[in-house]
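This report describes the surroundings of the ligand and then the sheets and helices of the fold. The sequence and the structure are shown first.

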Amino acid sequence: MCRNGGRLVTKPPNPSTDCSTDFEPDSLSVTEARRCILGDVRALTETERVALPTALGRVTAVDVRAGLDVPSATNAAVDGYALRGTELPQAGFHELRVAGTARAGHPWRGSLGAGACVRIMTGAALPEGADTVVMQEHVEGTADQVRLAAGVATPGANVRQAGEDIRAGGIALKRGRRLRAADLGIAASVGAAELLVTRKLKVAFFSTGDELCPVDGGKPPAPGMIYDSNRYSLHGLLGRADLEVHDYGIVSDDRVALEKLLSKAAATADVVLASGGVSVGEADLVRETLASLGNVRFWKVAMKPGRPLAFGAVGRACFFGLPGNPVSVLVTFHQFVLPALRRMAGERETEPLLLRVPCATPLRKRPGRVEYQRGVLCRTPEGVLTVTGTGAQGSGILRSMGLADCYIVLPMEQGEVRAGELVEVQLLAEF
Ligand code: AMP
Ligand code: MG
């Protein structure tokens, strides 16, 4: 429904609109807006090769295949004695001669005969003929001779098979994977000192509003002015390894200045983000400016906070006009901008993970919009996970976001939430 040649996307008026709900006929649903955005943005095709230590948080551009088995040899999982499983006694005891020692990096080169075992340390390659390791703690004896009791191990015990982690020729890391700590270790385990990743996305951002005062301007805000906090929330949101960010500061509510800045930002960035000025007030010029320089795909979403959210394009850059209210900036970034950035970086999974938990307290809500209330998860003394609202949920109460560890996602049709009712939550840690 969004692919309409770059024109404005609106929905037909709904005659059931009334003022007991938050429903607005010309807004897109969250799902439609997300689908529209993800349908519009394209994954980057440019890649770069990066050294492994700097690859954290980047997205793999190709499958990383293993050129060898990991582990490369069958080896001991514990310190003990390597032997043939057939030497394990069924009943009573069995004595074995200790033929030598194998340590990690120093294999025992002989071949294990009948009645013999090899003292072996964790990680050492299993000697030829051995298939079992008996833990040191389960064995009695001297340096030359050990005594095994029945039941100390089963044949094949305490052995890590060659290739049991990753097989030679298999895929160690899939393409489109945002690299986490373990992935760097996986890459190293298959000998990849460098990885081919998607190039960094260029993201430009600025704040709009005559009332804004820069926090680093050296002057306190004049009466009626406020510090620009959104740009700093955005610095935090955009502090990701795969982004190259450009802070364009503050622009006043002036058509010419806004046009100039938006054109300049769009000329070099892949994504441009602005906050403020997307509503319908006299000073809200972002939507008009977007329409004059490029195209507006939609500008209103049935959600709270965050209703005015403009999405479109200027030249090759995609543009998000985020709301001015400080909480709305974070919510709309998480719900719309981040999935877009992930898609552009070539990352695979973008569906949010929602958990169902009982809500400990009642929550105020009217049908008609999806709400992202801020919540805190906690465990009851009985060990049950519950969620509580952070208190006042106004879109200007930025502290509600600071206190929260999750969004309580209340669907469009949902009314008041009763204490104990099940709700869905999305962990902020996911972002
Ligand atoms: P707007 O969408 O421009 O009408 O802004 C909505 C509300 O958010 C107003 O109260 C603005 O003062 C406030 N606001 C807009 N931009 C910022 C910003 N960068 N930092 C803090 N508050 C802002
Ligand atoms: Mg404004």
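In this predicted model, an oxygen atom of ligand 1 lies 2.5 Å from an N or O atom in the side chain of E211, while polar backbone atoms of G324 and N325 are also partners of ligand oxygen atoms, with the distances set out in the table.

| Residue | Part of the residue | Distance to an oxygen atom of ligand 1 |
|---|---|---|
| E211 | N or O atom of the side chain | 2.5 Å |
| G324 | polar backbone atom | 3.2 Å |
| N325 | polar backbone atom | 3.3 Å |

Taken alone, ligand 1 exposes 480 Å², of which the protein buries 75%. Two elements, β13 (201-208) and β15 (226-227), each give two or more residues to the shell around the ligand. That shell holds 15 residues, the closest being E211, D228, S229, N230 and G277, and by character it divides into four nonpolar, eight polar and three charged residues.

Strand β13, which contributes to the ligand shell, also belongs to an open sheet of six strands with mixed pairing, arranged in the order β16-β13-β17-β21-β20-β18. The edges of this sheet are formed by β16 (243-251) and β18 (295-300), each of which pairs on one side only, and neighbouring strands are turned by 15° against each other on average when direction is ignored. At one of these edges, β18 runs antiparallel to β20 (residues 308-314), to which four bridges join it, and K300 has P308 in β20 as its bridge partner.

Two helices can be placed against this sheet. Helix α5 (residues 286-293) packs on it and touches β13, β18, β20 and β21 (317-322), with a direction that makes about 20° with that of β20. Helix α6 (residues 326-344) lies across β13, β16, β17 (271-275), β20 and β21, and runs at about 170° to β21.

Which strands make up the other six-stranded open sheet? The order there is β7-β4-β6-β5-β9-β8, again with mixed pairing. Its edge strands are β7 (132-135) and β8 (139-141), each pairing on one side only, and the twist from one strand to the next averages 40°. Within this sheet, β4 (residues 80-83) and β7 pair in the antiparallel sense over four bridges, and G80 stands opposite M135 in β7.

Methods:
Residues numbered from 1 in each chain as written. Chains lettered and ligands numbered in written order. Predicted model: local features only at pLDDT ≥ 70, side-chain atom pairs only at ≥ 80, totals over all residues. Heavy atoms only, no water. Near = heavy atom within 4 Å. Polar contact = N/O pair within 3.5 Å; in protein donor to acceptor, adjacent residues only side chain to side chain. Areas by Shrake-Rupley, 256 points an atom, 1.4 Å probe, with all protein chains shown as cover. Nonpolar A, V, L, I, M, F, W, Y, C, P; charged D, E, K, R; others polar. Pairing = 2+ DSSP bridges. Axes fitted to C-alpha atoms, helices over the stretch in contact; angles between N-to-C directions. Contact = heavy atoms within 4.5 Å.
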